[in-house]
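Me: Please take a close look at the cysteines in this model. I would like to know how they sit in the protein and whether they are paired, with some account of the fold around them.

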Amino acid sequence: MTFQQEAASWLFPAHVETSPVPEVNTRAPSSGKLDLPHADGKSTIVTFLRHCGCPFAEKTFISMRDKAASNPNIHFVAVSHSDQASTKKWIEALGGAGSVEVIVDPEREIFARWGLGISSFWHVLSPWSMWSVYRLGKDEGIWNRPTESGSRWQTAGSFAMDGKGTVKWGHAAQRADHVPDFDEAVKSVEQQEPTAKL
């Protein structure tokens with residue numbers, strides 16, 4: 001990581017036209033990189049991460065990885081807008097992806113399809129977000145890591161879809177320090193999970 005890379009993360013990225021954020025009980029956006037519904041009919045929970053290096057992205061990813069380990073009948077997907085090399089290095093530093101599928105989207109095309117664009121100054125640098133950075137480090141030992149690519153201004157978000165590709169839970173993050181509740185995400189789709197035949 002260089003000073004130039006760290007400084008670049010504070011620059012506003014190129015504008016990408018965004019679609020509306022998907023609403024509950026509507027069809028989830030689908031694309032070549034993130035094809036929904038999944039072919040096997042299982043539910044899918046997807047999280048769109050802040051830049052690799054962000055402590056809230058780290059907390060979100062670890063929470064998703066833990067939830068994925070205990071819910072093998074649901075697909076868990078994390079989408080990174082940092083580049084491939086930076087994402088791979090960051091995931092390895094966190095102990096690996098586990099059963100989470102990681103998609104790299106440095107062009108932010110998938111983010112845009114899900115209505116996740118550039119955030120405001122207040123979204124990133126509010127006093128509450130700054131306090132949360134300190135508390136997360138102090139309480140859980142999760143601090144800022146070096147940022148080699150990605151933008152601090154990219155909005156995060158998380159969604160849960162049933163086996164038919166219908167959104168059952170989700171929203172764009174309202175602040176940079178938001179960490180999604182994956183228990184709620186699982187509950188929203190658990191009735192939709194295929195049951196094993198005896």
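Reply: Cys-52 is buried, with a relative accessible area of 2%. Cys-54 is also at 2% relative accessibility and likewise counts as buried. Both values come from a predicted model.

As for pairing, the count of disulfides is 0. Cys-52 takes part in none, and the cysteine sulfur nearest to its own, that of Cys-54, is 9.7 Å away. Seen from the other side, Cys-54 is in no disulfide either, with the sulfur of Cys-52 as the nearest cysteine sulfur at 9.7 Å. A disulfide requires the two sulfur atoms to lie within 2.5 Å, so the 9.7 Å between Cys-52 and Cys-54 rules out a bond between them.

The surrounding protein can be described in a few figures. Of its 198 residues, 49% are buried, and Cys-52 and Cys-54 belong to that buried part. The exposed surface comes to about 9900 Å², with carbon and sulfur atoms supplying 54% of that area.

The secondary structure consists of 7 helices and 5 strands. Their order along the sequence is α-β-α-β-α-β-α-α-α-β-β-α. Contacts reach across the chain: among those between residues at least 6 apart in sequence, 79% join residues at least 24 apart.

To return to the cysteines, Cys-52 is buried and Cys-54 is buried, and the model contains 0 disulfides.

How values were computed. Residues numbered from 1 in each chain as written. Predicted model: local features only at pLDDT ≥ 70, side-chain atom pairs only at ≥ 80, totals over all residues. Heavy atoms only, no water. Helix = DSSP H or I, 4+ residues; strand = E, 2+ residues; numbered from the N terminus. Buried < 20%, exposed > 50% of the residue type's maximum accessible area, 1.4 Å probe, protein only. Contact = heavy atoms within 4.5 Å. Areas by Shrake-Rupley, 256 points an atom, 1.4 Å probe, with all protein chains shown as cover.
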